[in-house]
Amino acid sequence: MKRAITLKSPKTTSSKRVDPDNPPWSEEMLGQPVLKRGRGPQRAPTKVLTAIRLDADIIAFFRARGPGYQTRINEVLRKSVEKDLTTGSRRTPKRAA
C-alpha cells in the first residue's frame, strides 16, 4: 500500500503564501489507515456460490437482454421448480450404470 507523504512544506510561489493557521498534516492527525474492500459478509446469506456449466447459446440469450442475467436465469429455474412442485410430478433421475 502506498503511503501519503506528510509533513512536507507546501511549495511557495509569489502568489501563494504559507498559512500558519493551516499547518501540514501529520500522521497523528490522519490516524490509522482504514481499508475497505468489497461489500463484506452478508447478514443472512440467501444464495450459494456454485459453478454451473450452461450452453453458450443459453448464456448469450440472457446476456443479450442486459445486466442481471444471472438473476433472470435464477428466476427461470425457480419457476421451473415451482411448476414441478405444484403439478406433483415426481421424476426419478436416471442413474449411470
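## Phe62 and its partner

Let's start with one side chain in this predicted model. Phe62 has a relative accessibility of 12%, so Phe62 counts as buried, because the cut-off for that label is under 20%. Phe61 has a relative accessibility of 42% and therefore counts as partly exposed. That middle label applies because 42% falls between the limit for buried, under 20%, and the limit for exposed, over 50%.

What is the geometry of the rings of Phe61 and Phe62? The structure holds 1 aromatic pair. In it, the ring centres of Phe61 and Phe62 are 5.2 Å apart and the planes stand at 90°, so this pair is edge-to-face. If you are new to such descriptions, a pair of aromatic rings is described by two things: the distance of the centres and the angle of the planes.

Phe61 has another neighbour to look for in the structure. Arg65 lies over the face of Phe61, at 3.8 Å from the ring centre.

## The helices

Now step back to the whole chain. The protein has 3 helices and 0 strands, and reading along the sequence gives the pattern α-α-α.

How does the span of helix α3 agree with its number of residues? Helix α3 covers residues 69-87, which is 19 residues. At 1.5 Å a residue, α3 should span 27 Å, and the C-alpha atoms at its ends are 27 Å apart, so the two values agree. Just after α3 comes Gly88, with a positive phi of about 75°.

## The surface

Which residues make the nonpolar surface patch? Trp25, Met29 and Leu30 do, and their patch is about 340 Å². You can find Trp25 in the segment before α1, a helix that runs over 27-30.

For the protein as a whole, the exposed area is about 10,600 Å², with carbon and sulfur atoms supplying 55% of it. Of the 97 residues in the protein, 3% are buried. Phe62, where we began, is one of the residues that count as buried.

Notes
Residues numbered from 1 in each chain as written. Predicted model: local features only at pLDDT ≥ 70, side-chain atom pairs only at ≥ 80, totals over all residues. Heavy atoms only, no water. Patch = residues over 30% accessible without salt bridge, like charges linked within 9 Å, V, L, I, M, F, W, Y side chains within 5 Å. Areas by Shrake-Rupley, 256 points an atom, 1.4 Å probe, with all protein chains shown as cover. Salt bridge = Lys/Arg side-chain N within 4 Å of Asp/Glu carboxyl O. Helix = DSSP H or I, 4+ residues; strand = E, 2+ residues; numbered from the N terminus. Phe/Tyr/Trp six-rings, centres within 6.5 Å; stacked < 30°, edge-to-face > 60°. Buried < 20%, exposed > 50% of the residue type's maximum accessible area, 1.4 Å probe, protein only. Lys NZ or Arg CZ within 6 Å of the ring centre and 35° of its normal. Expected span 1.5 Å × (residues − 1).
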